[in-house]
Amino acid sequence: FMSYSLSKKFTFGSLLVFALPTTIMMVFMSLYTIVDGMFVSRFVSTNALSSINIVYPAVNIVLGLAIMLSTGSSAIVARKMGEGKPEEARQTFTAVIFLNVVIGLVLAVLGTLFAAPLSRMLGASDVLLADCVTYLRWQLAFAPSLMLQIQFQMFFVTEGKPGIGLFLTLLAGIANAVLDYVLIVPMGMGIAGAAIATVTGYSIPALIGLIYFAAARKSLWFVRPRIVKKELGETCLNGSSEMVTNLSSGVITFLFNLLMMHFAGEDGVAAITIIQYSQFLLNALFMGFSQGVSPVISFNYGSQNHQQLRQVFKTSLIFTAASSLAVFLMAQLGGSLVVEIFARRGTPVYELARHGFMIFACSFLFSGFTIFASALFTALSDGRISAIISFVRTFGLIITSLLVLPFIIGMDGVWLAIPIAEFGGILLCLYFLRKYRTKYHYA
């Protein structure tokens, strides 16, 4: 008994259709983070926006843990389904959900007790401290909801029902945006309103996911969990690349802010924030597609269907190449419009961000490939290679570029750091893809 959607024969078109809901879901999730930022900066204050930014690394750790557990475990579950072991797949699935709830509850208690010292540690000033504590307390109190939302998104794809995951994400995003407006504008709840809107958004997919997997009898449902230490280790290793990516984004943001403050003051920090928002949105396209095809790769690897695996790999490369070129051209042609959403034309922030965006956009030619290669090795349960790619790309290449280039060529070095690092990442990915093609039979 196995998931029909994962076992069927995928053509170029049907694979794209299967991955589409997850792709839209990731883009939509990144969009509602951006909408949050716009509401807070327009209707509360720029200080409130700074407060959210300061405590975000703590939320990023929760997110990183959830993504590590979801991507790492879904590869194992899909592989077991491919091997014809549905009962084991369900036991692993239930154990991971249970583990998420336990970790989430521990983080919720710690977050509620230590929100003030944690905010100080992350750099909150006296002016921002109250807002930081309010936002962080709400976010961490709902850590179990955030973690379950990420889990269920991934497992709806593994179940062969990516459409349900998409519907729940759209529902959560709309609820978040509507509540942002209601709680911040007419009700005047400030940053607490923004936090309540966000955690309500998390809780909708978390609750409906729990009900669905408790009642459904398709491929995955809750059974008596079986926690195998070896599997738990494999899950963490497998998903470690995604954890590395999340942790490094906090370090990279911190370095970006430091460098832009040095070169252009507050305007520079505002400019880099605008560009990071656009990077967040456009990379979501590649991440969504990679997550959408991952269970198909895991399933066909588990069932030893090498011909189908090669077809999926080839389709993924063609899609990634075409979309990378399209995103790059869109960024070059529409860069001014993207910047204008956040900064008025003619202001110093607008001029800085527009110039930077044109250089920075070159990274979109390369980032799709590195994101897909990392996801491919995770899907093949080779967490070690996936982690090496992520670690070298982020902590190795990007941080080294940021520490070296600006001091050689000035502010343009900040904009160039990511494209140069992503190009280096592609060379590393090509090396691994060639080296392991006969072991995994994807090419």
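These are my notebook entries on helix packing, nonpolar cores and a few single residues in a predicted model.

**Entry 1: the cores**

I began with the largest nonpolar core, which holds 38 residues. Tyr135, Leu146 and Ile150 touch the most other members. I then looked up which elements feed this core. Those giving two or more residues are helix 2 (12–43), helix 3 (46–82), helix 5 (126–141), helix 6 (143–158), helix 7 (162–184) and helix 8 (190–215). Helix 3 supplies the largest share, 13 residues. Apart from this core lies another one, of 34 residues. I noted Leu255, Ala343, Val349 and Phe364 among its members.

I went back to Tyr135 for its contacts. Setting aside residues up to four places away in sequence, Tyr135 touches Asp36, Ile52 and Val55. Ile191, Ala194, Ala195 and Thr198 are also on the list for Tyr135.

**Entry 2: helix 2 against helix 11**

How do helix 2 and helix 11 run relative to each other, parallel or antiparallel? I checked the axes of helix 2 and helix 11 (residues 306–342): they come within 12 Å and cross at roughly 25°. That angle is under 35 degrees, so helix 2 is roughly parallel to helix 11. The crossing is right-handed.

Next I listed the residues that meet. Helix 2 brings Phe12, Leu15, Leu16, Ile34, Met38 and Arg42. Helix 11 brings Gln311, Val312, Thr315, Ser316, Ile318, Phe319, Ile341 and Phe342. By class, I have 10 nonpolar, three polar and one charged residue in this contact.

**Entry 3: helix 13 against helix 14**

I turned to helix 13 (residues 364–379) and helix 14 (residues 383–409). Their axes are 7 Å apart, and the packing angle is about 155°. Angles over 145 degrees count as roughly antiparallel, so that is the label for helix 13 and helix 14. I recorded their crossing as left-handed.

On the helix 13 side, the contact uses Thr370, Ile371, Ala373, Ser374, Phe377 and Thr378. On the helix 14 side, it uses Gly383, Ile385, Ser386, Ile389, Ser390 and Arg393. I sorted this contact by class too: five residues are nonpolar, six are polar and one is charged.

**Entry 4: Thr22**

I looked up Thr22 in helix 2. Is Thr22 buried or exposed? Its relative accessibility is 1%. The cut-off for buried is under 20%, so Thr22 counts as buried. Leaving out residues up to four places away in sequence, I found Thr22 touching Val157, Pro162, Gly288, Gln291 and Gly292. I also took a distance to Ala175. Thr22 and Ala175 are 153 residues apart in sequence, and their C-alpha atoms are 19 Å apart.

**Entry 5: Ser278**

Ser278 sits in helix 10 (residues 240–302). I read 6% relative accessibility for Ser278, so Ser278 counts as buried. Which residues does Ser278 contact, leaving aside its neighbours within four places in sequence? I found Val338, Phe357 and Phe364 in contact with Ser278. Phe364 had already come up as a member of the 34-residue core.

**Entry 6: Glu351**

Last, I checked Glu351, which is found in helix 12 (residues 348–360). Its relative accessibility is 38%. Partly exposed covers what lies between 20% and 50%, so Glu351 counts as partly exposed. I finished with a distance to Phe286. Glu351 and Phe286 are 65 residues apart in sequence and 28 Å apart in space, C-alpha to C-alpha.

Technical notes
Residues numbered from 1 in each chain as written. Predicted model: local features only at pLDDT ≥ 70, side-chain atom pairs only at ≥ 80, totals over all residues. Heavy atoms only, no water. Core = buried A, V, L, I, M, F, W, Y, C linked by side-chain atoms within 4.5 Å. Buried < 20%, exposed > 50% of the residue type's maximum accessible area, 1.4 Å probe, protein only. Helix = DSSP H or I, 4+ residues; strand = E, 2+ residues; numbered from the N terminus. Contact = heavy atoms within 4.5 Å. Axes fitted to C-alpha atoms, helices over the stretch in contact; angles between N-to-C directions. Parallel < 35°, antiparallel > 145°, perpendicular 65-115°, else oblique. Left-handed = near helix turned anticlockwise from the far one by under 90°. Nonpolar A, V, L, I, M, F, W, Y, C, P; charged D, E, K, R; others polar.
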